[in-house]
Amino acid sequence: SAPSRVQYVAKKLEESSAATSRSAAAPAPGDPSITAVQDDRGGGILTKAARQLGRGDCVLQCCATGMAIESQFRDSRCAYCAKDASGCGTLCRECGIVAVCTRCVSIGADKWHSSSGECRALRALVRAFSAVFGLIEEGDGVRASTSTSINFADLPKEIDSSYIITVRLLHRRWHDEKERSSIEGDKSVFPAIDWKLFDSLHKTNVRSEQYDLAITALCQKMGDEDNTSSNGLVISKDAFDDVLERVVGCGHAVVDLTLGLGNQTIGRAIFVEHSFYNHSCCPNAFISCNIGGGAIVGTAATGSSSCCALVASVHCLSNIDSDDDVCLSYIPTSGLCRNERQKLLHDGYHFECRCRACRLDDGDVTAKEWDRCLTVPEGSDLESLREVQYAANQTLVDFNDKDDIERSISVVRMVANGIKNQGVASSHECAMEVHRLLSVGYA
């Protein structure tokens, strides 16, 4: 009989984790680290440890299925691997959304962007967005604004990254189906996408009356703009909704920790194999991106020399027993009390967290201790400390002279004392930023 949806996901995760896991405790090469099971509580799919995992173990690496760079970085970061693309001169002049780094140019990503029709699809999105851009709320409907002050050159920066990922994924799927047997060269540029696995991803409902009106207009306008070829991609509202809800439900921030606090999120991506972890406000694992791409542990076909992709890894923060859930935090938890975390999760993911840090009503002593570690002490003035850190970071970036650097290091050390005196946990982002600023200063 055909495998069920959860059996298919489990098989794929076991194959991927067996090929890419890294653990000194692994009993044998090829032993899977994680598996997927049916979640009886919500009917979804969650990830469990297939064996004992140790702190620091890499349980799975995979390539991004789709990604988009945030507006302020779109002309300086590669749209395929997030690597620095400034100075390459490869920002697409047609769509204004995709820049390509030198490495990905050498692989042929820029040529694929043009020849495959991705540029045309994104250009249609940009032009359709310009037509629907002035949509404003009026009563219980939406009407078109009469404003004509839109600067087309700046428009791509206003398009939400989730919309860009959605259009890129719809185009990629259309291209894969259309060219499966005829264009071998194009396929080697990017890792293959398991669309059956993609169709198993959780969806977050983003629909409303105003959304439906706007997206219907957007899809109609994209169809009007991309009518130069009878074989062009046609995006229906149902298809757009289906992909967007998976992108919103399973997307991850692409974070570059070498950048200053408050400016570290450079994009958004969806990693299919990394989309089946449960949430916990006190997670036992974390996900990180290898900016610029890189080899997948244990595989040769998807190494850095043969494909263009952003790679993300999940590592254990603590020991995880066999059959225990592998959990990530869907939100930044440092400094947030239980009520603030619950609101973020309800608004963004539509569920109530019952992790050990949130079970305060059960009288759980461990839960109260976890919540205390996550919450900023009452009376703390972290905003002032953040402002000082921003200024110190700018001084270090500008690198005026040695005296400025030394003064900045002294200021950062004073901030560190302030954080300690206010009783802020060492895991808080402000405390972590101290270490980054000091390392930059001494470098």
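**Exercise 1. Describe how helix H8 packs against helix H9 in this predicted model.**

Solution. Start with the geometry: helix H8 (residues 209-225) and helix H9 (residues 237-250) pack with their axes 9 Å apart, at an angle of about 115°. The crossing of the two helices is right-handed.

Next, list the residues that meet. H8 contributes Tyr211, Asp212, Ile215, Thr216, Leu218, Cys219 and Met222. On the side of H9, the residues are Lys237, Phe240, Asp241 and Leu244.

Last, sort the residues of this contact by character: seven are nonpolar, one is polar and three are charged.

**Exercise 2. Locate Val206 and decide whether Val206 is buried, partly exposed or exposed.**

Solution. Val206 sits in the loop between helix H7 (195-198) and H8. Its relative accessible area is 24%. Buried means under 20% and exposed means over 50%, so Val206 is partly exposed.

Now look at the surroundings. Leaving out residues up to four places away in sequence, Val206 touches Tyr211, Leu244, Glu245 and Val248. Of these, Glu245 is 39 residues away from Val206 in sequence, yet the two C-alpha atoms are 6.5 Å apart in space. Tyr211 and Leu244 also take part in the contact of H8 with H9.

**Exercise 3. Work out the strand order of the sheet that holds S4, S7 and S8, and find its edges.**

Solution. The sheet is open, has three strands in the order S4-S8-S7, and its pairing is antiparallel. Strand S4 (66-69) and strand S7 (252-255) each have a single partner strand, so one side of each is left without a neighbour in the sheet. From one strand to the next, the twist averages 30°.

Then check each pairing. S4 pairs with S8 over four bridges, and Ala68 has Arg268 in S8 as its bridge partner. S7 is joined to strand S8 (residues 265-270) by four bridges as well. Here Val254 is opposite Gly267, and Val255 is opposite Thr265.

**Exercise 4. State which helices lie against this sheet, and how much of S8 is buried.**

Solution. Return to the pairing of S7 with S8, which is antiparallel. Helix H5 (residues 161-179) packs on the sheet and touches S4 and S8; the direction of H5 makes about 140° with that of S4. H9, the helix of the first exercise, lies across S7 and S8 and runs at about 120° to S8. As for S8, five of its six residues are buried, so the strand is mostly covered by the 20% cut-off.

**Exercise 5. Describe the sheet that contains S3, S10 and S11.**

Solution. This open sheet has three strands, ordered S3-S11-S10, with antiparallel pairing. The edges are strand S3 (58-63) and strand S10 (285-290); each has a single partner strand, so one side of each lacks a neighbour in the sheet. The twist averages 20° from one strand to the next.

For the pairing of S10 with strand S11 (residues 311-316), count the bridges: there are six, in the antiparallel sense. Within this pair, Ile287 stands opposite Val314 in S11.

**Exercise 6. Compare the span of helix H14 with the expected span, and list its buried residues.**

Solution. Helix H14 (residues 429-442) has 14 residues. From its first C-alpha to its last, H14 reaches 20 Å, close to the 20 Å expected at 1.5 Å a residue. The buried residues of H14 are Cys430, Ala431, Glu433, Val434, Arg436, Leu437, Leu438 and Gly441.

Terms used
Residues are numbered from 1 along each chain as its sequence is written. This is a predicted model: local features need pLDDT of at least 70, side-chain atom pairs count only at pLDDT 80 or more; totals for chains, interfaces and linings use all residues. Side-chain values use heavy atoms; hydrogens and water are left out. The expected span of a helix is 1.5 Å times one less than its number of residues. Buried means under 20% relative accessible area, exposed over 50%, partly exposed in between (1.4 Å probe, protein chains only). Axes are lines fitted to C-alpha atoms, for helices over the stretch in contact, and angles run from 0 to 180 degrees between N-to-C directions. A crossing is left-handed if the near helix is turned anticlockwise from the far one by less than a right angle, and right-handed if clockwise. Contact means heavy atoms within 4.5 Å. Ala, Val, Leu, Ile, Met, Phe, Trp, Tyr, Cys and Pro count as nonpolar, Asp, Glu, Lys and Arg as charged, and the others, Gly among them, as polar. Two strands pair if DSSP finds at least two bridges between them.
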